[in-house]
Amino acid sequence: MSPAWQNLRADFPILDQQVNGQPLVYLDNAATAQKPQCVIDALTQFYRRDNANVHRGIHALSMRATFAYEAARERAARFFNAAEPGEIVFTSGTTDSINLVASAWGDANLRAGDVILLTEMEHHSNLVPWQLLARRTGAQLRYLPVVAGDSGLLDLAQLDRVLKPDVKLFAFTHVSNTLGVINPAADLCAAARKVGAVSVVDAAQSAGHLPLDVRALGCDFLAASAHKMCGPTGIGVLYGRRELLAAMPPYRGGGSMISNVEYFESQWAPAPQKFEAGTPNIADAIAFGRALDYLDDLGREAIARHDEQLATLAYARLQAEVPGIRLLGPARHRSGVVSFDLKGVHAHDVVTMADQEGVALRGGHHCNQPLMRKLGLSSTSRASFYFYNTEAEIDRLVATLQKIQRFFAG
Ligand code: 7TS
């Protein structure tokens, strides 16, 4: 790790602490990333100086808040390379964004006999909303398989078999939160377009980690969460192509999403306001904009390279130095997520004992129950890296897992 990356740790006050008497090693970034001081400052400054509701007041604070909130939307549009800010809807996160598409687009466009195509590696957030939609409309679910074994790759040889003209929507994750695999999102979106299906990219694990450009991807919708991108919890985005958002009915009703209201009927404001009923999450949206500045200052290519270097090194060292470990996902060309099964030790014991050493991992099914069953596992342990992690932290991870193994062997 170059000194420049090492210096970044000073931007994250939370990293500088002891947990159970040891310096914290935070390797749970796939669950949520830590926040740099500039994002924390953006939040406190808003509440100390600018707090007011948006899109309604004419007083100075309200205009300041409205300006900053809409500037955050413009910032997100630039970050994702949307054609215009109106293609960015603020939501509470990836889960909310996917539910928005399932309800507003899905209810209006799907009927019995239509097919929703998913992959076998989806997070519950990109599975259950489609199951609910299928139940409401009579549409059916179909799955693009993951190849047998532990590489975690999608079985692309099956794509033509499953992606037929009866598929009206294809939703898939860009990066798996369990396997660390990076899916060929642009190819999958192009394949969907060829059969006339709408594409939905779950970018929860990719948006803060890889260069991401919705126009280069060619996706129709894309969902992301700020909290996995150095931003606050409770805020995220749905990118939607302008024509699709314009044609969709609202998701929720309330203030701010209307142009005119009568006692018996109403007309909607244009997108994105149509999808933002009620007082939005103003402070978190503004701080999210600051997080996007921070990520772009680092450079997303550089972040991706750094994540991959750490994850590849961790994978190779765990394979070589922790006997009996079963590693999931590809050995290379991967994101920063490294999941594993330590033979004879339950993931919850791994995570509990790692915590005693100050190492924060996640153990469980990672909201991937069907994939776990397919892999013949009930849970895995997971180390997930971000740009502020170091090679020295991989030393701590390896030593900790060796210690856990010795404990359970002895
Ligand atoms: N999709 C993927 C691929 C995810 O990894 C997650 C969260 C979500 C959707 C949902 O995001 P949310 O912000 O709306 O909750 N994944 C994880 C995880 O792996 N550990 O904790 C949360």
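The largest cavity has a lining of 4 nonpolar and 6 polar residues, with no charged residues at all. Keep in mind that this is a predicted model. That cavity holds about 50 Å³ of space, while the largest pocket has a volume of about 270 Å³ and is the space taken by the ligand. Here's the rundown, from the enclosed spaces to the ligand itself.

**Cavities**

- How many cavities of 30 Å³ or more turn up in a search of the whole structure? There are 2 of them.
- The lining of the largest cavity is made up of N29, A30, V175, Q205, H209, S335, G336, V337, S384 and F385.
- Both domains pitch in here: domain 1 (3-27 + 300-409) and domain 2 (40-297) each give at least three residues to the lining of the largest cavity.
- The second largest cavity comes in at about 40 Å³.
- Around the second largest cavity you'll find H55, R56, S256, Q273, E276, G278 and P280.
- Sorted by class, that second lining has 1 nonpolar, 4 polar and 2 charged residues, whereas the lining of the largest cavity has no charged ones.

**The largest pocket**

- If you're looking for the ligand, go to the largest pocket, since that's the space the ligand takes.
- The pocket's volume is about 270 Å³, and 25 residues line it, with H123, S125, A204, Q205 and K228 closest to its centre.
- Q205 shows up twice, in the lining of the largest pocket and in that of the largest cavity.
- By class, the pocket lining splits into 6 nonpolar, 14 polar and 5 charged residues.
- Which domains does the pocket lining draw on? At least three of its residues come from each of domain 1 (3-27 + 300-409) and domain 2 (40-297).

**The ligand and its shell**

- The ligand has 16 residues around it, and T95, D202, S225, R362 and R382 are the closest.
- That shell breaks down into 3 nonpolar, 9 polar and 4 charged residues.
- D202, one of the closest residues, puts a side-chain N or O atom 2.6 Å from a nitrogen atom of the ligand.
- H123, already met among the residues closest to the pocket centre, has a polar side-chain atom 3.4 Å from a ligand nitrogen atom.
- On the oxygen side, a ligand oxygen atom sits 2.9 Å from an N or O atom in the side chain of N177.
- How much of the ligand's surface does the protein bury? On its own the ligand exposes 490 Å², and the protein buries 86% of that.

How values were computed: Residues numbered from 1 in each chain as written. Predicted model: local features only at pLDDT ≥ 70, side-chain atom pairs only at ≥ 80, totals over all residues. Heavy atoms only, no water. Near = heavy atom within 4 Å. Polar contact = N/O pair within 3.5 Å; in protein donor to acceptor, adjacent residues only side chain to side chain. Areas by Shrake-Rupley, 256 points an atom, 1.4 Å probe, with all protein chains shown as cover. 1 Å grid on protein atoms, 1.4 Å probe; cavity = no way out; pocket = protein on both sides within 12 Å on 5 of 7 lines; lining within 4 Å. Sits in = over half its atoms within 2 Å of the grid points. Nonpolar A, V, L, I, M, F, W, Y, C, P; charged D, E, K, R; others polar. Points joined across faces, edges and corners; volume = space filled by probe spheres on them. Domains from an automatic or database assignment.
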